[in-house]
Amino acid sequence: MNPNAPKPCATCGKEGKITCPACSMAMYCCEMCRNRNLFQHKTHCESLLQALVERVGEIFQEIFFVFSERAYTLNISSIAKGNDIAMVSEGSNNVRLSRQALFAFPAEMLPDLQDRHAVLGVGRSEHALAYLHDFVAQMLKGDLAITLLSMA
Ligand SMILES: [Zn+2]
Ligand SMILES: [Zn+2]
């Protein structure tokens, strides 16, 4: 199904031309049909917005984990799995000895996604987090595309 295909008016079934200003998903042929459906649409509209907010939250969380994994600062040598706890042992974390500040995150030692996320909570680069903060702030302002263009 083409998501951009025009949907019929939710009230009368004619060709949809305007959307609900809140969720941008319900379509109507005219203002009158939109107003007539207002009460009926309210609950559906709220659940659409709720789903959207949850999806945005999931996306930010995913970005956070990808960032944390790419900018990992601990040199983990082994991970022992207890009942509901992962014990992380660090190898040499001396930047001068290892000649590196970032280390490959040992995802293969953590097959369980929950454990992986828990371990990613420690040892990630704070610089990456600071960058992520700016990234998200700009994204929310909606001028990320302009920033990326001006960086190129
Ligand atoms: Zn209509
Ligand atoms: Zn709506």
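Take the contacts in the protein chain between residues at least 6 apart in sequence: 42% of them join residues at least 24 apart. Keep in mind that this is a predicted model. The mean pLDDT of the protein chain is 81, and 84% of its residues reach 70 or more. Confidence is highest in helix H1 (residues 31–36), with a mean of 96, and lowest in helix H6 (residues 144–151), with a mean of 54.

**The overall layout**

The protein chain has six helices and four strands. Going along the sequence, they come in the pattern β-β-α-α-β-β-α-α-α-α. The chain has 152 residues, and buried ones make up 12% of them. Six residues form the largest nonpolar core: Cys9, Ala10, Cys20, Ala26, Tyr28 and Cys33. What does Ala10 touch, leaving aside residues up to four places away in sequence? The list is Ala26, Met27, Tyr28, Asn37 and His41. Two of those names, Ala26 and Tyr28, are also in the core with Ala10.

**Helix H2**

Now for helix H2, which covers residues 38–70. It has 33 residues and runs 46 Å from its first C-alpha to its last, close to the 48 Å expected at 1.5 Å a residue. There is a bend in H2 of about 30° at His44. Is H2 mostly tucked away or in the open? Just two of its 33 residues are buried, so H2 lies largely in the open. Leu52 belongs to this helix. With 13 other C-beta atoms within 10 Å, Leu52 is partly exposed, because exposed residues have 12 or fewer and buried ones 20 or more.

**The hairpin**

Strands E3 (residues 76–81) and E4 pair up in the antiparallel sense, over five bridges. A hairpin of four residues links E3 to E4. Across the pairing, Ala80 sits opposite Met87 in E4. Strand E4 itself takes in residues 86–90 and is hardly covered, since the count of buried residues among its five is zero. In a regular strand, side chains alternate between the two faces of the sheet.

**Two loop residues**

Ser24 is in the loop between strand E1 (18–19) and strand E2 (27–28). Its phi is near 60°, a positive value in a residue other than glycine. Most residues other than glycine have a negative phi. Why does Ser24 count as exposed? Ser24 has 12 other C-beta atoms within 10 Å, and 12 or fewer is what exposed means here.

Ala101 comes later, in the loop between helix H3 (95–98) and helix H4 (113–120). Ala101 is exposed too, because its C-beta neighbours inside 10 Å number 11.

**Far in sequence, measured in space**Here are two residue pairs, with their separations along the chain and from C-alpha to C-alpha.

| Pair | Apart in sequence | C-alpha to C-alpha |
|---|---|---|
| Leu52 and Cys23 | 29 residues | 8.8 Å |
| Ala101 and Ala71 | 30 residues | 9.1 Å |

The first pair involves helix H2 through Leu52, and the second involves the loop between H3 and H4 through Ala101.

Key
Residues numbered from 1 in each chain as written. Chains lettered and ligands numbered in written order. Predicted model: local features only at pLDDT ≥ 70, side-chain atom pairs only at ≥ 80, totals over all residues. pLDDT = per-residue confidence, 0-100. Contact = placed C-beta atoms within 7 Å. Expected span 1.5 Å × (residues − 1). Bend = angle between axes of the 7 residues up to and from the residue. Core = buried A, V, L, I, M, F, W, Y, C linked by C-beta atoms within 7 Å. Pairing = 2+ DSSP bridges.
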